[in-house]
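Let us walk through this protein from its overall layout to a few local details. Keep the sequence and the model side by side.

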Amino acid sequence: MTAGRLAESDHSPLLRTDFTDDEAWRSLLDEVGDDWLTVMEDADHRGLSVPELLALVPDDSRYPVLVVADDVTFSSAERSLLLVDLREEPGRTFRAGPDAFRSAIGNLAIQNQSFDDYVRCLDDSGVYRISDRQRQALAELQALSHPSTDMPQARVLASGASRASLGRPSRPARSAQPRKPSAPPET
């Protein structure tokens with residue numbers, strides 16, 4: 001089998017290169033969601049190495065990274081994903097836990113952080129993980145963007161920003177008193 005070039009997308013591709021466990025793949029997809037990702041499940045990618053995957057990336061690609069679900073992903077309980085640098089030093093890699101990789105690819109996509117920033121934050125096992133504080137903040141943001149029926153809509157984040165103020169510049173409060181009409185221009 002010969003794999004063709006990857007389709008261009010606005011989001012980084014999540015490539016499946018290990019096809020040994022379909023149930024584990026579906027479970028991984030449920031866990032990671034599809035934010036910032038374009039899922040590409042093609043048997044032609046089976047067992048491809050990092051250099052072989054790099055050869056599939058379109059010229060002038062907008063992807064900051066490739067996200068790869070490989071044999072290591074499915075052989076570990078954590079299911080860490082392989083992130084492959086496409087901008088700074090193409091082919092360089094690190095692993096990220098399923099709850100950490102979205103933050104990494106989102107920040108890499110908007111160039112808020114560099115691949116080097118993440119490489120410097122790897123733990124002793126070479127995996128990027130988010131802290132408990134980051135996990136809590138992400139859970140609060142997710143709850144705000146996908147509120148359940150039993151949670152009030154105006155929940156306040158740890159930073160003090162409410163759902164209504166997210167993404168909007170603050171404005172001065174308006175007076176509750178009616179405005180007085182302006183005087184007509186003098187002629």
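What follows moves from the whole chain to two loop residues.

The model is predicted. Its secondary structure comprises six helices and six strands. Along the sequence, these elements run β-α-β-α-β-α-β-β-α-α-β-α. Strand and helix thus alternate at the start, as the pattern β-α-β-α-β-α shows. Then comes a β-β step, followed by α-α, and the pattern ends with β-α.

Next, the packing. The protein has 187 residues, and 35% of them are buried. Take the contacts with a separation of 6 or more: 59% of these join residues 24 or more positions apart. The exposed surface amounts to about 12,000 Å². Carbon and sulfur atoms supply 49% of that area.

Now the backbone. Which residue in the loop between α2 and β3 deserves a look? Start with D60, which sits in that loop, between α2 (50-54) and β3 (65-69). D60 is not a glycine, yet its phi is positive, at about 55°. Is D60 buried or exposed? D60 counts as exposed because its relative accessibility is 77%, and the cut-off for that class is over 50%.

Further along the chain, turn to Q111. This residue lies in the loop that links α4 (101-109) and α5 (115-119). Its phi is also positive, near 55°, and Q111 is likewise a residue other than glycine. The relative accessibility of Q111 is 59%, so Q111 counts as exposed.

Both residues, then, pair a loop position with a positive phi and an exposed setting.

How values were computed. Residues numbered from 1 in each chain as written. Predicted model: local features only at pLDDT ≥ 70, side-chain atom pairs only at ≥ 80, totals over all residues. Heavy atoms only, no water. Helix = DSSP H or I, 4+ residues; strand = E, 2+ residues; numbered from the N terminus. Buried < 20%, exposed > 50% of the residue type's maximum accessible area, 1.4 Å probe, protein only. Contact = heavy atoms within 4.5 Å. Areas by Shrake-Rupley, 256 points an atom, 1.4 Å probe, with all protein chains shown as cover.
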